[in-house]
Every structure is written in C-alpha cells, then in structure tokens.
Amino acid sequence: MEILAENRFVISRDEFVEARLALSRENTAGAYKKLGLVLLLLVAVLAGGSLLLGMSGFSVAMELLLLGFMALWLTVLFPRSSAKTAYKALVRKNGAEPERITRFYEDHLEIEGPGVRASLGYEQVVQIKRTKHLLLLFTDEKGGVLLRPEAFTKGDESLVRQLIEAGQNTG
C-alpha cells in the first residue's frame, strides 16, 4: 500500500506537555465546568455562612483565596506537572526523546515510535485541532495523534485533512 503522507519528528518535552494539556482540556472540559459550578456554589455558601457567623471580611477573603488556589492547582498546575512527569518517564523508559512516525495511507494511518505501533481508521478521528506548535488528531477513544505541521517528509497537512474527511464520509 502506498504511503500518501508521512510525518516524522522527535517529540520534545514542551510539545509533549502542549499535546497532553490540549488532550486533557478536550476530554475534561465538561467535568471542569461542573467542578467550577460546584466550587462557585461552595464559595457562595462558605462566604455567606462565614459572614452570617460574624467572621471578619479578612477571614472570608482568605477562604476565597484558598479555594481559588485549589481551583488553579487542579486545572493548571497539576495537569502541567503531571504531563512533565509522564514525559520524563517516557524518556527514561526509551533512553532518549521519543521519535514519532505517522504514515497516512488511503484508508488509515499508522503510528510508530518507541513502544508504540498502532493503526487507526480515519473514521476514528473525531476532531482535528491545531495548537501553538502541533496538529492533533483526537480519536473516538479519547486519545490523540501528535503531528508537527512542518515535519512532513511526504505530503502535507491539507492532504492529511482531505484523507481524514474522505475516510469519515465513507466510514
């Protein structure tokens, strides 16, 4: 079977973190909205109760600051730290920064890298998203395929988009 496009690059830590955060945001957007509403309700109840009990405005402000920090940690700091730790483990496991090769055929794509070999039908790609440095293909299994737009050794981004759209229409 003829390779129509190929994307080959070594994944840097920054690219891995960027992709992991984008994937996390995509998969947890609904949960974060619900969590935000619960935290907002909790803040209102806590602040109202504290003021009714005669606590000072400073104490209420400290409670709000603590809850704000918890929300920041949960939505920004923890995911970034977790992604960096996962990248370190990946590099340690492989002994070097991982190279990712993605080949595109008429009816599917194949991903190859250290410890990774997978094949996906284009109908499994549910969304294509560009981040600052990457092109991400989100799958129906809540996973993602990383591509660097300028790292095509054959074909290009527009060809990949055409293949995926054609595959989704027939799948």
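**A walk through two sheets, a helix and a pocket**

Hi everyone, let's start with a single residue: R130 has a relative accessibility of 46%, so R130 counts as partly exposed, because that class sits between buried, under 20%, and exposed, over 50%. Please keep in mind that what you see on the screen is a predicted model.

So what does R130 do with its side chain? R130 makes a salt bridge with E157, and the closest N and O atoms are 2.6 Å apart. This pair links distant parts of the chain, with R130 in strand β5 and E157 in helix α3, 27 residues apart. And is E157 buried or exposed? The relative accessible area of E157 is 15%, so E157 is buried.

E157 has another partner as well. The side chains of E157 and R161 meet in a salt bridge, at 3.1 Å from N to O. R161 and E157 are four residues apart in helix α3, so about one helical turn separates them. R161 has a relative accessibility of 27%, so R161 counts as partly exposed.

Now let's bring in the surroundings of that helix. Helix α3 covers residues 157-170 and lies across β5 and β6, running at about 160 degrees to β5. Strands β5 and β6 belong to an open sheet of three strands, in the order β5-β6-β7, with antiparallel pairing. Which strands stand at the edges of this sheet? They are β5, residues 125-130, and β7, residues 144-147; each has a single partner strand, so one side of each is left without a neighbour in the sheet. From one strand to the next, the twist averages 20 degrees.

If you zoom in on β5 and β6, you will find five bridges joining the two antiparallel strands, with β6 spanning residues 135-139. As an example, V125 stands opposite T139 in β6.

Let's turn to the other sheet. Here five strands form an open sheet with antiparallel pairing, and the order is β4-β3-β2-β1-β8. The edge strands are β4, at 116-121, and β8, at 152-154, and each pairs on one side only. The twist from one strand to the next averages 15 degrees in this sheet.

I'd like to follow β2 for a moment. How many of the residues of β2 are buried? Five of its six residues are, which leaves β2 mostly covered. On one hand, β2 is joined to β1 by six bridges, and the two strands run antiparallel; within that pairing, T102 in β2 is the bridge partner of N7. On the other hand, four bridges join β2, residues 99-104, to β3, residues 108-113, again antiparallel. A hairpin of three residues connects β2 to β3. Two positions to look for here: I101 stands opposite E112 in β3, and the bridge partner of R103 in β3 is E110.

R103 deserves a second look. A general word before that: side chains of opposite charge can pair when their charged atoms come close. In this model, the side chains of R103 and E6 meet in a salt bridge, with 2.9 Å from N to O. E6 lies in strand β1, residues 5-10, and R103 lies in strand β2, so this pair ties together parts that are 97 residues apart in sequence. Are E6 and R103 buried or exposed? Both are buried.

That pair also has company. A network of salt bridges links E6, R8, E99, R103, E112 and R117. You may remember E112 as the residue opposite I101. Across the whole structure, the search finds nine salt bridges.

My last stop is the largest pocket. How much space lies in the largest pocket? About 640 Å³. There are 29 residues lining the largest pocket, and those nearest its centre are F16, R20, L23, G144 and L146. The elements that give two or more residues to that lining are α1 (13-52), α2 (57-94), β4, β6 and β7. Which element gives the largest share of the lining? That is α1, with seven residues.

So, to gather things up: we have an open sheet of five strands and an open sheet of three strands, with helix α3 lying across β5 and β6. Among the salt bridges are the buried pair E6 and R103, and the pair R130 and E157 that links β5 with α3. Thanks for listening!

Technical notes: Residues numbered from 1 in each chain as written. Predicted model: local features only at pLDDT ≥ 70, side-chain atom pairs only at ≥ 80, totals over all residues. Heavy atoms only, no water. Pairing = 2+ DSSP bridges. Axes fitted to C-alpha atoms, helices over the stretch in contact; angles between N-to-C directions. Contact = heavy atoms within 4.5 Å. Salt bridge = Lys/Arg side-chain N within 4 Å of Asp/Glu carboxyl O. Buried < 20%, exposed > 50% of the residue type's maximum accessible area, 1.4 Å probe, protein only. 1 Å grid on protein atoms, 1.4 Å probe; cavity = no way out; pocket = protein on both sides within 12 Å on 5 of 7 lines; lining within 4 Å. Points joined across faces, edges and corners; volume = space filled by probe spheres on them.
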